[in-house]
Amino acid sequence: MVFRGSLAVMHLFLFSHKGAYTMEDEKDMCPASIFGSNVFNDSVMKTRLPKVTYKSLKKTIEQGLPIDPSIADVVANAMKDWAIEKGATHFTHWFQPMTGITAEKHDAFISPTNDGKVIMEFSGKELIKGESDASSFPSGGLRATFEARGYTAWDCTSPAFVKDGTLYIPTVFISYTGEALDKKAPLLRSAEALSNAALRILKLFGNTSANHVTATVGPEQEYFLVDRGLYNKRLDLMLAGRTLFGAKPPKGQELDDQYYARLRMRVSEFMHDLDYELWRLGISAKTKHNEVAPAQHELALIFDSANVATDHNQVVMETMRRIAKKHGLACLLHEKPFDGVNGSGKHINWSLSTDEGQNLFDPGKTPRQNAQFLLFLSAVIAAVDDYADLLRMTVASAGNDHRLGANEAPPAIISIFVGEELSAILESIETGKPYEGIERKTIDIGVTSLPNLPKDSTDRNRTSPFAFTGNKFEFRMAGSSQSVASPCYILNATVADTLSRFADRLEKADDFMSEVRAIVKETIKKHKRIIFNGNNYSEEWVAEAARRGLPNITNTVDAIEVLKEPKNIDVLARTGVMSKAELDSRYEIHLENYSKIINIEALTMIQMANRELIPAALTFLNQLAALNANLKSAGAKSKAASDLLTKVSGLVDDFEAYTIALKDAVEAASAIDNPKESAVAYRDKVIPAMANVRAVADELEMLVPENIWPIPTYADLLFRV
């Protein structure tokens with residue numbers, strides 16, 4: 001038996017200290033025994049909190065009731081004692097500002113005593129409320145530099161956990177004047193709005209026992225792993241997260257031999273340690289495999305509430321980077337780290353579930369007769385059609401611009417795949433024609449010893465950006481580095497608003513079921529343009545989508561503009577998810593972030609060109625010149641040597657000229673004060689200038705000898721793991 005990674009150390013310890021290895025030792029390390037061991041979860045709270053305190057906190061967590069401030073000290077003390085037993089010396093209010101990553105400030109539990117010693121203390125006040133410098137995080141004008149105060153507030157619906165000697169307390173981040181400065185506060189607001197709207201519908205259907213409806217999310221995380229030594233030799237990977245230079249390698253993904261292939265040893269060891277680290281933190285890492293591109297992989301989690309899933313996905317990305325480093329690897333979460341190679345996305349599996357365990361998107365065996373399912377399905381169809389531009393904006397980023405529509409990701413056009421059976425049902429409802437049903441078949445494999453497999457009612461459509469997959473929707477447009485919070489709170493808010501409109505009609509209806517049928521029929525007729533079951537990658541679909549009037553927002557700068565649309569402002573204000581001031585701040589933040597990312601990439605490209613690549617090309621050019629001179633002096637001639645000298649000389653001159661042009665474009669764009677105009681300049685001037693620099697550099701890479709070219713190539717990065 002061979003043990004690798006951190007478990008190998010644990011097993012060596014067992015052998016050296018206990019003698020023979022036993023099954024009891026194995027039990028101590030199985031996933032069931034360690035899962036959630038570093039989480040202040042329900043079982044820990046039930047054990048450590050007084051019954052009254054536990055019940056009060058449980059109601060807040062499960063039903064969204066206001067938290068009782070009187071229990072804060074009791075919870076804080078229990079949480080502190082538990083964390084110290086887990087080796088924690090500090091606590092932190094862990095929050096998710098508009099930087100796209102998480103933030104944390106660590107405070108020790110220690111409190112000085114009069115005799116020169118310390119005691120370990122943690123109060124309810126410290127648990128519930130923290131303070132951070134709000135002016136040092138992106139605020140989009142909500143906070144001025146001299147207005148520094150911001151607050152973090154405990155989110156008890158996401159459990160605290162211990163990591164690296166610190167108690168992590170999930171919190172929201174708000175300004176002194178109450179506006180949300182993070183992604184979590186709008187998400188929690190949207191969850192409440194959605195629950196309230198869904199409960200109104202359920203009660204009309206006779207369900208009076210459900211107390212809460214939760215948006216559940218299961219994110220799939222794609223990523224690349226490369227050798228850290230090679231990573232450290234590439235400034236672009238370190239500063240921009242993607243390769244700004246790199247010629248296509250002789251072998252890429254054209255043989256389709258990467259997907260689901262055997263895991264390389266270093267990758268397997270990394271994944272093994274990653275799983276155990278995540279399981280200790282109560283994160284349900286379920287599925288792992290090689291993805292389509294070389295050095296690309298995927299991790300999928302089991303469904304949880306959207307809020308907890310968002311927190312968990314942030315921990316996953318942080319842990320991936322940390323564990324990769326321990327294995328001499330670097331984890332790349334950029335949406336397009338390699339040109340010409342599949343990029344990385346983050347599929348967001350989204351569904352609705354009651355606190356009684358009912359999945360509201362489960363069609364059952366007879367979906368045609370399932371009026372409740374059809375009503376909720378109609379709400380999603382209407383919401384996605386009405387607010388497709390807003391949903392598109394949630395996945396807009398400089399990195400994702402390289403990926404969307406690039407034949408490995410959905411296009412920038414949002415449509416919904418519902419499959420053959422549901423399409424037939426919806427059509428019959430709209431037209432009034434009888435629904436004849438679809439025969440449930442089995443697949444005969446043709447081998448007697450193998451079972452016949454039940455055939456699903458419809459095939460999957462991996463090209464669809466928003467696909468119904470049986471009892472959930474899969475939103476496939478999000479980029480791998482992005483938080484799942486924004487897509488989730490827009491889905492929650494827009495569906496909540498649609499359900500509220502449905503409820504307004506149904507509550508006034510004389511004949512409830514007739515009104516349900518009328519709503520479903522009207523919705524299908526009005527919004528069927530968003531339903532498309534075909535190939536989203538085809539040029540024909542682009543033309544067809546335009547004919548249908550579906551928005552095709554091809555880049556981030558244009559996507560950000562939809563935040564100014566009155567209908568989008570109204571729906572978020574109406575549901576209480578985000579005020580106009582908060583939305584205006586996001587507009588400014590997103591524009592500035594886009595410009596800053598492109599600026600960093602361009603400056604990195606200029607530095608690499610001037611300090612590494614052009615000098616290397618000149619070195620080779622000098623060698624070629626010397627070779628040609630030596631041949632001439634010897635009375636010999638070589639057309640190949642002469643032609644190569646001419647070609648490299650021309651490319652080097654172009655390289656320098658394009659680099660100078662890029663520098664001028666960056667300086668011009670950065671000098672523009674207006675955020676929108678500056679972002680447009682980076683999109684229309686700087687990015688094309690970067691493409692010119694890259695094209696000539698990549699051509700030179702194919703000519704300059706390996707011992708002279710100073711940075712690792714794509715072949716090195718993708719195949720030397």
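This passage describes the internal cavities of a predicted model and the surroundings of two of its serine residues.

In the predicted model, a search for enclosed space gave four cavities of 30 Å³ or more. The largest cavity holds about 90 Å³ of space, and of the 14 residues that line this cavity, Met393, Tyr489, Leu563, Arg586 and His590 are the closest to its centre. Three helices, namely α14 (388-393), α16 (485-508) and α21 (580-633), each contribute at least two residues to the lining of the largest cavity. In terms of residue character, the lining of the largest cavity consists of nine nonpolar, three polar and two charged residues.

For the second largest cavity, the computed volume is about 70 Å³. The lining of the second largest cavity is made up of Val39, Trp94, Ser158, Pro159, Phe161, Leu281, Ile283, Asp311, His312 and Val315, and the largest share of this lining, three residues, is supplied by helix α12 (residues 306-326). When the residues around the second largest cavity are sorted by character, seven are nonpolar, two are polar and one is charged.

Turning to the individual serines, Ser353 is placed in strand β14, which spans residues 346-354. The relative accessibility of Ser353 is 17%, and Ser353 therefore counts as buried, the cut-off being under 20%. With residues up to four places away in sequence left out of consideration, the contacts of Ser353 comprise His212, Val213, Thr214 and Thr216 on the one hand, and Gln358 and Asn359 on the other. A further relation across the sequence links Ser353 with Ala198, since the C-alpha atoms of Ser353 and Ala198 lie 9.9 Å apart in space, while 155 residues separate the pair in sequence.

The other serine, Ser111, belongs to strand β3, which covers residues 110-112. Between the side chain of Ser111 and the side chain of Glu121, a polar contact is found at 3.3 Å. Glu121 also appears among the residues touched by Ser111 when residues up to four places away in sequence are not counted, together with Lys117, Val118 and Ile119.

How values were computed. Residues are numbered from 1 along each chain as its sequence is written. This is a predicted model: local features need pLDDT of at least 70, side-chain atom pairs count only at pLDDT 80 or more; totals for chains, interfaces and linings use all residues. Side-chain values use heavy atoms; hydrogens and water are left out. Helices (H or I, at least four residues) and strands (E, at least two) are DSSP runs, numbered from the N terminus. A polar contact is a pair of N or O atoms within 3.5 Å; within protein, one must be able to donate a hydrogen and the other to accept it, and residues adjacent in sequence count only if both atoms are side-chain atoms. Contact means heavy atoms within 4.5 Å. Buried means under 20% relative accessible area, exposed over 50%, partly exposed in between (1.4 Å probe, protein chains only). On a 1 Å grid over the protein atoms alone, a cavity is a set of points where a 1.4 Å probe fits but cannot get out, and a pocket is an open set with protein on both sides within 12 Å along at least five of seven lines; lining residues have an atom within 4 Å of a point. Grid points are joined across faces, edges and corners, and a volume is the space filled by probe spheres set on the points. Ala, Val, Leu, Ile, Met, Phe, Trp, Tyr, Cys and Pro count as nonpolar, Asp, Glu, Lys and Arg as charged, and the others, Gly among them, as polar.
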